[in-house]
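Colleague: Before we discuss this model, I should like each label justified by its value and its cut-off. May I put my questions to you in turn?

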Amino acid sequence: MTTWADETDVIVAGSGGGLAGAYTAAREGLSVMVVEASDEFGGTTAYSGGGGMWFPCNPVLRRAGSDDTLDAAFAYFHAVVGDRTPVELQRAYVYGGSELIAYLEEDDHFEFDVLPWPDYYGRLPHARLDGLRHTVMKPLAAKRLGELAQRIRGPLDRERLGAEAPNYLIGGRALIGRLLSAITTYPHAALHLNSPLVELITADDGVVGAVVEEDGRRRAIRARAGVLLAAGGFENNPALRQRFGVPGDARDTMGAPGNLGLALEAGLAAGAAIDLMDQAWWSPGFTHPDGRSAFSLWFTGGIFVNQDGKRFVNESGPYDRIGKAIIDQIACGAMTLPFWMVYDDREGLVPPVKATNVSMVEAERYVEAGLWHTADTLPELASKIGVNAENLVSTVKRFNEFVAAGTDEDFGRGDEAYDRAFSGGRSPMVSIEVAPYHAAKFGLSDLGTKGGLVTDSHARVLDTNGNPIDGLYAAGNTMAAVSGTAYPGGGNPIGASMLFSHLAALDMATKGTRG
Ligand SMILES: Cc1cc2nc3c(=O)[nH]c(=O)nc-3n(C[C@H](O)[C@H](O)[C@H](O)COP(=O)(O)OP(=O)(O)OC[C@H]3O[C@@H](n4cnc5c(N)ncnc54)[C@H](O)[C@@H]3O)c2cc1C
């Protein structure tokens, strides 16, 4: 017999996208306890500068004039993901996002903006090239949240570089701030920091509660309706990364520090099935003087080369696709990390990377750390960075010919709408011909792992026989991603985390409490 230290209808483990589930549960009349492992709310969701959600045809986009249809969006999503994940799960996501935005808009705490962001597979049927499937929450003044504003994770520059926290919450922080301020209006919702869920408690009728460690004390909390695991991935746990064969290094992940896979392990112990365990949301990693390679995008020049001095990817493509190309290079033996961005002097020494997500520090620090190199000629540069000199010269020559012709015959750089999104619609290819030449070091980064507990389209966790485990739900990066091995569009990770958290709470509200 378990001695319960406390009880509630719903336990939500994790305060990133999971807060959408906590909010829904509270609004639907269920008591809810959010348990957050770390000392701040928001997880990786709060690190996102945009906090974008891929929710096609939602009311915000429709008001902005989008002529998209849910069927077209589904056709695109399915064309990207294929049958790697269940079609009903894909449908639940694509068709459900719009309803979630409508649900949130009924509450004054939530206000949204359109942030156009082209889909990541622009050649596939029904890809949205104008970016009108992507929505963000409006910024929020920190003072509107009072003390709670000090308890929201991020921005990355505050945590990694000691920068001041801004007075305005934007992107993912605004999303978390708005959810927190809405949740705290419900007296039957409680928020707990420093409280990791460490175990699930099961009985004949499924999961009936959880063990939560609060300030070092283990407490059994009864959950009358269910437990939602929205505790991120396991990207910060080197042992789990190794066990499941996730490429890259925990040092280079962008995932929030509390994402150690504890909830995943609790789900496994309760008999859950898992899938996609070696997968993450990938990105090229711009290497900083602290040795960590960070998610980076918006390259306005330069090319990436491997040890052979050869290009291997469309450098202006979506970050996850570049990450996959890096992994393929490693797998086929063409690359051991690091790899290099080679660029010329037209913008000076600082590499043409406009969004490093963690801000660049002084240029000298990169030079001193051996991360940036300069030489008067390409062969000299090649010898400094240890790549094949002859190949580097011919790679740059060939690339410059593509620039002159306006077509990248090798990798199609600039062919898709996303490639041109950061260059005002112009070609993102810039020739490399102004000496001296420079090289900047890159690694492989990720935004979090995406393999996890297998769920159905109500976010109910399934056991290894494919049956729902009563009372157990998963969402976000704790759940085996609906997008499978792909990243169809900006806003998929946060969108799916919020949506499946919301659906889990609706399912619990429909079923009501047990016992
Ligand atoms: C710079 C940056 C920008 C990004 N931009 C976007 C974007 O615009 N759109 C998009 O869709 N995605 C974006 N991503 C990716 C996205 O932020 C993450 O994949 C997503 O937020 C993960 O959401 P989640 O709810 O699964 O986990 P998280 O937001 O990471 O939340 C998980 C929380 O659970 C807590 N936790 C862990 N274990 C436990 C436990 N056992 N018990 C209790 N709590 C626990 C963690 O401490 C954490 O707070 C971006 C990522 C980065 C780094």
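Colleague: Why is Asp 410 called partly exposed?

Modeller: In this predicted model, Asp 410 has a relative accessibility of 37%. Partly exposed covers the range between under 20%, which is buried, and over 50%, which is exposed, so Asp 410 at 37% counts as partly exposed. Arg 398, at 38%, counts as partly exposed by that rule.

Colleague: What makes the pair Arg 398 and Asp 410 a salt bridge?

Modeller: The N to O distance between their side chains is 2.8 Å. The cut-off is 4 Å between a side-chain nitrogen of Lys or Arg and a carboxyl oxygen of Asp or Glu, so the pair qualifies. Arg 398 belongs to helix H13 (residues 389-405), whereas Asp 410 sits in the loop between H13 and strand E20 (437-449); the pair therefore ties together parts that are twelve residues apart in sequence.

Colleague: Why are Arg 311 and Glu 315 described as buried?

Modeller: Buried requires a relative accessible area under 20%. Arg 311 has 9% and Glu 315 has 1%, so both count as buried. These two residues also form a salt bridge, with the closest N and O atoms 2.8 Å apart.

Colleague: What class of accessibility does each partner have in the salt bridge of Arg 128 with Asp 130?

Modeller: Arg 128 has 14% and is buried, whereas Asp 130 has 36% and is partly exposed. Their closest N and O atoms are 2.8 Å apart. Both residues belong to one network of salt bridges that share partners, which also includes Asp 67, Asp 68, Asp 119 and Arg 133. The structure holds 39 salt bridges.

Colleague: How do you know that Gly 258 has a polar contact with the ligand?

Modeller: A polar backbone atom of Gly 258 is 3.4 Å from a nitrogen atom of the ligand. The limit for a pair of N or O atoms is 3.5 Å, so this pair counts as a polar contact. An oxygen atom of the ligand is 2.7 Å from a polar backbone atom of Ile 494, and a backbone N or O atom of Gly 52 lies 2.9 Å from a ligand oxygen atom.

Colleague: How much of the ligand does the protein bury?

Modeller: Taken alone, the ligand exposes 1000 Å², and the protein buries 97% of that. Helix H2 (43-47), helix H9 (262-269) and helix H14 (492-511) each give two or more residues to the surrounding shell. By class, that shell has 16 nonpolar, 21 polar and one charged residues.

Conventions
Residues numbered from 1 in each chain as written. Predicted model: local features only at pLDDT ≥ 70, side-chain atom pairs only at ≥ 80, totals over all residues. Heavy atoms only, no water. Polar contact = N/O pair within 3.5 Å; in protein donor to acceptor, adjacent residues only side chain to side chain. Areas by Shrake-Rupley, 256 points an atom, 1.4 Å probe, with all protein chains shown as cover. Helix = DSSP H or I, 4+ residues; strand = E, 2+ residues; numbered from the N terminus. Nonpolar A, V, L, I, M, F, W, Y, C, P; charged D, E, K, R; others polar. Buried < 20%, exposed > 50% of the residue type's maximum accessible area, 1.4 Å probe, protein only.
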